[in-house]
Amino acid sequence: LGVVDLTVSGGKVTTTAHLIKKEATAATATNAAVISYIDTVKASQAPILNEVIGTADVDLNGERASVRTGETNMGNVIVNAMKSLTGADCGITNGGGIRASIPKGTITKGSVITVLPFGNYIVTKRINGQAIKDALELGVKDYPNAAGGFPHVFGITFTLNQAAPAGSRVFDLKINNIPVDLTKSYVVATNDFMAIGGDGYTMFTTGPTVNEYMGLDEAVIAYIKALGTVTQGMENKINVVSEAAVTAVAPPAAVTVVPSPAAVTTTSSTTTSQPSTQPVVVKTTVYVVVDWDKVWKITKKYGTTWQSLAAMNKLVNPHLIKVGQKLIIPHPNTK
């Protein structure tokens, strides 16, 4: 409990402040006049808040620990309401703005307002693909730890590599199933708190505002009314992976690789690990890394292992590959 004393003297205000710990507040007496006023307000609001707007066929998960660490069906209801209202290319809202669950059964206006108590309204901004990626990087930087800025999205899918450093965790980013163009302009729906840089989303301030809409709670209420029955589930928009083991492995020091000429797609090279009268021949393919490639994808495509790929290319950190880099891919089960 915070206590602030204001002293007004000669037109000037001075203040002193102190805190009362939670344990001590248990003995704090309620103020009858304040309680009476609150009860009056609640009674006047009851007819509105108790209005039934729909039914939930499932429990809608808005628990703090869930919405700050991952996708939930409650979050999906909210962003899908944003999508329905704005028709934006994609949208992002922060998990910290979701404050309650809605249990299976009757849904009232009061239920939604308990979930979204801040009175935020919906805003669309025009920003480029790079800013969208930056926003997602910000939102997942603390994963798997809980963070109020964790993104709940529509029109967006991506892979989150939790083993990668903060700022470099978002891969395979797609908007409406098309790989993001980092230079292209997109219309993004969000809430007014984030639109002005709240929760660190300063990249939203770089683009112009396209439109402003009703309150986020009002949009969700209208969306649920239109549905009648909510059956929302998970949409698997965020694929979480960990490549920690990959980043820690260096190629065996004893292996010497003589790669084939880069101009040849499929050829052979000679690999020797110890003096021998017969060299060991390994068939290889030269592969050029493209945008959004990952080691595990490349090895899966060619039926090999990341260990073999790392050894063949002397990659100290096989997780770090870049566009245009040429990799020699060893063919499986060949010598």
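User: Which strand supplies the largest share of the nonpolar patch?

Analyst: In this predicted model, V4, L6, V8 and V13 make up a nonpolar patch on the surface. Together these residues offer about 410 Å² of accessible area. Three residues of the patch, its largest share, come from strand 1.

User: Thanks! Is V8 buried or exposed?

Analyst: V8 sits in strand 1 and is part of the nonpolar patch. The cut-off for exposed is over 50% relative accessible area. V8 has 61% relative accessibility, so V8 counts as exposed.

User: Why is helix 6 described as largely enclosed by the rest of the structure?

Analyst: Helix 6 covers residues 129-139. Its buried residues include I132, L136 and L138, and also K133 and E137. Helix 6 is largely enclosed because, of its eleven residues, the number buried is nine.

User: Which strands do those buried residues of helix 6 pack against?

Analyst: Happy to list them. The buried set in helix 6 includes G129, A131, A135 and G139. The packing partners of the buried residues are strand 4 (90-94), strand 6 (121-128), strand 7 (151-154), strand 8 (156-161), strand 9 (170-175) and strand 11 (185-191).

User: Which residue caps the N-terminal end of helix 6?

Analyst: Look at the backbone nitrogen of Q130: a side-chain oxygen lies 3.2 Å from it. That oxygen belongs to the capping residue, N128.

User: Just past that helix, is the peptide bond from Y143 to P144 cis or trans?

Analyst: P144 lies in the loop between helix 6 and strand 7. Omega for the bond from Y143 to P144 is near 10°. The bond is therefore cis.

User: What is phi of N177, and where does this residue lie?

Analyst: N177 is in the loop between strand 9 and strand 10 (178-179). With 65% relative accessibility, N177 counts as exposed. Its phi is positive, in a residue other than glycine, and the value is near 70°.

User: And what is phi of N236?

Analyst: N236 belongs to the loop between strand 13 (229-230) and strand 14 (238-241). N236 is exposed, at a relative accessible area of 65%. Here too the residue is not glycine and phi is positive, near 50°.

User: Stepping back, how many helices and strands are in the protein?

Analyst: The protein has 335 residues, of which 42% count as buried. Among contacts between residues at least 6 apart in sequence, 72% join residues at least 24 apart. The count is eleven helices and 18 strands.

Definitions and conventions: Residues numbered from 1 in each chain as written. Predicted model: local features only at pLDDT ≥ 70, side-chain atom pairs only at ≥ 80, totals over all residues. Heavy atoms only, no water. Helix = DSSP H or I, 4+ residues; strand = E, 2+ residues; numbered from the N terminus. Buried < 20%, exposed > 50% of the residue type's maximum accessible area, 1.4 Å probe, protein only. Contact = heavy atoms within 4.5 Å. Polar contact = N/O pair within 3.5 Å; in protein donor to acceptor, adjacent residues only side chain to side chain. Patch = residues over 30% accessible without salt bridge, like charges linked within 9 Å, V, L, I, M, F, W, Y side chains within 5 Å. Areas by Shrake-Rupley, 256 points an atom, 1.4 Å probe, with all protein chains shown as cover. Salt bridge = Lys/Arg side-chain N within 4 Å of Asp/Glu carboxyl O.
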